[in-house]
Amino acid sequence: MSNRELVENYLIYKLSQKNYPGTLLRPKDASSGLLVDRESSGASPSAGTGREAVNAALRSMANKFEQDFIQLAGDLSSYVAMTRNQACFNKVMDDMFRGEINWGTVVGLFVVGGAICVQSVEGGASEPVCHIADWMAAYLDKRINPWIESQGGWDCFAAIYGEEACTKSGRKA
């Protein structure tokens, strides 16, 4: 599973929570890509596979992260205000990952990216949404992927934080 696919699935999920179309992730001049295939089929490309377990675990953990963050620090608007271009986005992510990388900070990248997308659309600026997906995927690929791979990859994330693992251990996702 590619980081790009994970990013797109998560951002489509976040946008759909506010009834915004997932097609906002595709630049107006694009004619192909992961999103086009997904949108045209009407089904998730990962249904019935380990990919769906990863997507479900990511959504579950991101929802918990977002709730905890809002309880502790308020909303995510301060991050949104600081991320007007890729350099600013990378700076915010570098600050987030300054200490030790762990699955919580990786999930935080998705939470912040999702908040930026939703708040951009709510502010009437849907054009940056496709770029934010690019920034997230590039940051994951270039800066975080070696750590993800050293931890066993996204399948291990799903095994640790997915519903099946949590049910067996008595924990809730």
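This section describes the nonpolar core, the aromatic pairs, helix α7 and selected local features of a predicted model.

The largest nonpolar core comprises 45 residues. Within this core, the residues with the most contacts are Met93, Phe97, Val106, Leu109, Phe110 and Trp154. Two or more residues are contributed to the core by each of the helices α1 (3-17), α3 (50-73), α5 (86-96), α6 (103-122), α7 (128-150) and α8 (153-161). The surroundings of Val106 illustrate the packing in this region. When neighbours within four places in sequence are left aside, Val106 is in contact with Phe97, Ile101, Leu140, Ile144, Trp147, Ile148 and Trp154.

Aromatic pairs number 11 in the structure. In one of them, Tyr10 and Phe110 adopt an edge-to-face arrangement, with 5.7 Å centre to centre and 85 degrees between the planes. This pair links distant parts of the chain, since Tyr10 belongs to helix α1 and Phe110 to helix α6, 100 residues apart. Both Tyr10 and Phe110 are buried. A further edge-to-face pair is formed by Trp154 and Phe157, for which the centre-to-centre distance is 5.4 Å and the angle between the planes is 80 degrees. Trp154 and Phe157 are separated by about one helical turn, because they lie 3 residues apart in helix α8. The relative accessible area of Trp154 is 6%, so Trp154 is buried; Phe157 is likewise buried, with a value of 0%. The residues of these two pairs belong to one aromatic cluster, which consists of Tyr10, Tyr13, Trp103, Phe110, Trp147, Trp154, Phe157 and Tyr161. Tyr13, a member of this cluster, also has a charged residue over its ring: Arg59 lies over the face of Tyr13, at 5.5 Å from the ring centre.

Helix α7 was examined for its length, bending and packing. At 1.5 Å a residue, its 23 residues should span 33 Å, and the end C-alpha atoms are 32 Å apart, which agrees with that expectation. A kink of about 70 degrees is nevertheless located at Ile144, shortly before the proline Pro146. The buried residues of α7 are Val129, Cys130, Ile132, Ala133, Trp135, Met136, Ala137, Tyr139, Leu140, Ile144, Trp147 and Ile148. Ile144, the site of the kink, is thus listed among the buried positions, and Ile144 is also in contact with Val106. The packing partners of the buried residues of α7 are α1, α5, α6 and α8. Just after α7, Gly152 takes a positive phi of about 100 degrees.

A positive phi is also found at Asn19, where the value is about 65 degrees although the residue is not a glycine. Most residues other than glycine have a negative phi. Asn19 is located in the loop between α1 and α2 (34-41). With a relative accessibility of 72%, above the 50% cut-off, Asn19 is therefore classed as exposed.

Ala159, in helix α8, has an intermediate accessibility. Its value of 48% falls between the limits of 20% and 50%, so Ala159 counts as partly exposed. The C-alpha atoms of Ala159 and Gly50 are separated by 9.8 Å, although the two residues are 109 residues apart along the chain.

Terms used:
Residues are numbered from 1 along each chain as its sequence is written. This is a predicted model: local features need pLDDT of at least 70, side-chain atom pairs count only at pLDDT 80 or more; totals for chains, interfaces and linings use all residues. Side-chain values use heavy atoms; hydrogens and water are left out. A nonpolar core is a set of buried Ala, Val, Leu, Ile, Met, Phe, Trp, Tyr and Cys residues joined through side-chain atoms within 4.5 Å. Buried means under 20% relative accessible area, exposed over 50%, partly exposed in between (1.4 Å probe, protein chains only). Helices (H or I, at least four residues) and strands (E, at least two) are DSSP runs, numbered from the N terminus. Contact means heavy atoms within 4.5 Å. Rings of Phe, Tyr and Trp (its six-membered ring) pair if their centres lie within 6.5 Å; planes under 30 degrees apart count as stacked, over 60 as edge-to-face and the rest as tilted. A charge sits over a ring if NZ of Lys or CZ of Arg is within 6 Å of the ring centre and within 35 degrees of the ring normal. The expected span of a helix is 1.5 Å times one less than its number of residues. The bend at a residue is the angle between axes fitted to the seven residues ending there and the seven starting there.
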